[in-house]
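I set out to record how the helices of this model pack and where one loop residue sits. My entries follow in the order in which I looked things up.

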Amino acid sequence: EVFAQLLALPGASELQALIVGCWEGGAEGESSESVIEALVSAREQLPNLKHLFIGEMLQEECEVSWINQSDISPIFLAYPKLLTLRVRGSQGLSLGRPVHENLRNLIIEGGGMPGELVSEVTSARLPNLVHLELWLGDDGYGRSVRQEELQPILDGGLFPKLKYLGLRNDSDIDTTVTWLQGAKLLDQLSVLDISLGTLSDLGAAALLENDGLKGLKRLNAFFNFLSDAAADSLTSALPGVEVDVSQQNEADEYDGDAYRYNFVSE
C-alpha cells in the first residue's frame with residue numbers, strides 16, 4: 001500500500017533513488033520475492049530509477065542473518081538506467097547471470113556469503129562496473145567462498161573499469177589476502193577495501209610481500225585486529241598509498257585461544 005501511494009505521487013516518474021527497508025514479514029523470514037515483483041511491475045512508473053537499496057534493515061528490526069532475499073535478477077532488465085544496486089542479506093539471494101550496460105556500483109552485504117553467489121557475480125557482464133563490494137562474512141553464517149570462485153575477478157579484465165574492490169567483513173581475511181598475490185586486478189584498482197574483518201599480523205605479513213599494492217591510491221584496513229607494529233609497518237611499506245588502519249581491535253581469549261570476530265555475522 002505504501003509503495004502504491006509513492007507511485008501515485010506527482011513527480012514519481014522522476015524518482016532516481018529508492019531504499020527498501022523491512023518489508024512485511026521480513027523479520028519473520030518472509031523473502032524479498034514480493035518486493036522484487038512489485039519493483040519489476042513498477043518499471044514503467046519509475047523510468048529514471050538509478051540507485052536501489054534492497055533490505056535496509058537495522059539490527060533492531062531484523063538480524064542480517066535472518067534477512068531472506070530471493071532471485072533479484074529481473075531488476076537488471078527492468079531498470080536499464082540503474083547505476084547502483086545495493087543488497088543487504090545474502091541468504092537466498094540470486095543474481096542469475098546479470099547483464100547491464102550502465103551499472104557502476106554493486107554492493108552485497110551479509111553475514112556469510114555463499115560461494116555460488118560469487119560465481120554469479122563472475123558470470124555477469126557489467127562493462128561499466130566501477131565499484132564492487134562483497135561482504136564475505138563468517139562460515140558459521142553461510143560463508144563458503146573459495147579462491148577459485150574469486151579468481152576470475154582477481155585475474156583482471158572481467159570488469160575493465162573496476163577501480164574499487166571491497167572484500168569486507170571477512171572472518172578469514174588472513175587467507176583471502178594471500179589470494180591477492182600476483183593478482184592482475186591490482187594493476188587497475190585505485191582502492192582495495194579489506195575493512196571490517198579479522199585481519200591479524202599474519203595477514204599483514206602477506207600484504208607486505210605483495211608489491212602489487214604499491215600502485216593503489218588507498219588501502220582500507222580499518223576495524224581489524226592488527227598490532228600497532230603491524231599497522232605501522234603496513235603504512236610505512238606503502239608510502240604513496242593512503243592506508244587506513246584505524247579502529248583496530250584486540251582478540252578475545254577463550255580457553256587460551258584467540259578469538260577474532262568480523263563486524264557483521266548474525
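Entry 1: helix α2.
I began with helix α2, residues 33–41, in this predicted model. I looked up its buried positions and found V35, I36, L39 and V40. Viewed down the axis of α2, the buried residues lie within an arc of 130 degrees, so they line one face of the helix. I then asked what the buried residues of α2 pack against. I noted two helices, α1 (2–8) and α3 (74–78), and two strands, β1 (17–20) and β2 (51–54).

Entry 2: helices α4 and α5.
Two packed helices are described by the angle between their axes and the distance between the axes. I therefore looked up both values for α4 (residues 115–122) and α5 (residues 147–154): the angle is about 25 degrees and the axes are 9 Å apart. Since angles under 35 degrees count as roughly parallel, α4 and α5 are roughly parallel to each other. I recorded the crossing of α4 past α5 as left-handed. On the α4 side, the residues that meet α5 are G115, E116, V118, S119, V121 and T122. On the α5 side, I listed E149, L150, P152 and I153. By class, I noted five nonpolar, three polar and two charged residues in the contact of α4 with α5.

Entry 3: helices α7 and α8.
I turned next to α7 (residues 201–208) and α8 (residues 228–237), which pack at an angle of about 15 degrees. Their axes are 10 Å apart. With that angle, α7 and α8 are therefore roughly parallel to each other. I entered the crossing of α7 and α8 as left-handed. I found that D201, A204, L207 and L208 in α7 meet A230, S233, L234 and A237 in α8. By class, the contact of α7 with α8 has six nonpolar residues, with one polar and one charged residue besides.

Entry 4: residue L82.
Last, I looked up L82, which I located in the loop between α3 and β3 (84–88). Is L82 buried or exposed? Its relative accessibility is 0%, and because buried means under 20%, L82 counts as buried. Leaving aside neighbours within four places in sequence, I listed the contacts of L82 as L49, K50, H51, L52, I75, H100, N102 and L103. I also looked up the separation of L82 from G240. The two residues are 158 residues apart in sequence, and their C-alpha atoms are 34 Å apart in space.

Conventions: Residues are numbered from 1 along each chain as its sequence is written. This is a predicted model: local features need pLDDT of at least 70, side-chain atom pairs count only at pLDDT 80 or more; totals for chains, interfaces and linings use all residues. Side-chain values use heavy atoms; hydrogens and water are left out. Buried means under 20% relative accessible area, exposed over 50%, partly exposed in between (1.4 Å probe, protein chains only). Helices (H or I, at least four residues) and strands (E, at least two) are DSSP runs, numbered from the N terminus. The arc is that of the directions from the helix axis to the C-beta atoms. Contact means heavy atoms within 4.5 Å. Axes are lines fitted to C-alpha atoms, for helices over the stretch in contact, and angles run from 0 to 180 degrees between N-to-C directions. Angles under 35 degrees count as roughly parallel, over 145 as roughly antiparallel, 65 to 115 as roughly perpendicular and the rest as oblique. A crossing is left-handed if the near helix is turned anticlockwise from the far one by less than a right angle, and right-handed if clockwise. Ala, Val, Leu, Ile, Met, Phe, Trp, Tyr, Cys and Pro count as nonpolar, Asp, Glu, Lys and Arg as charged, and the others, Gly among them, as polar.
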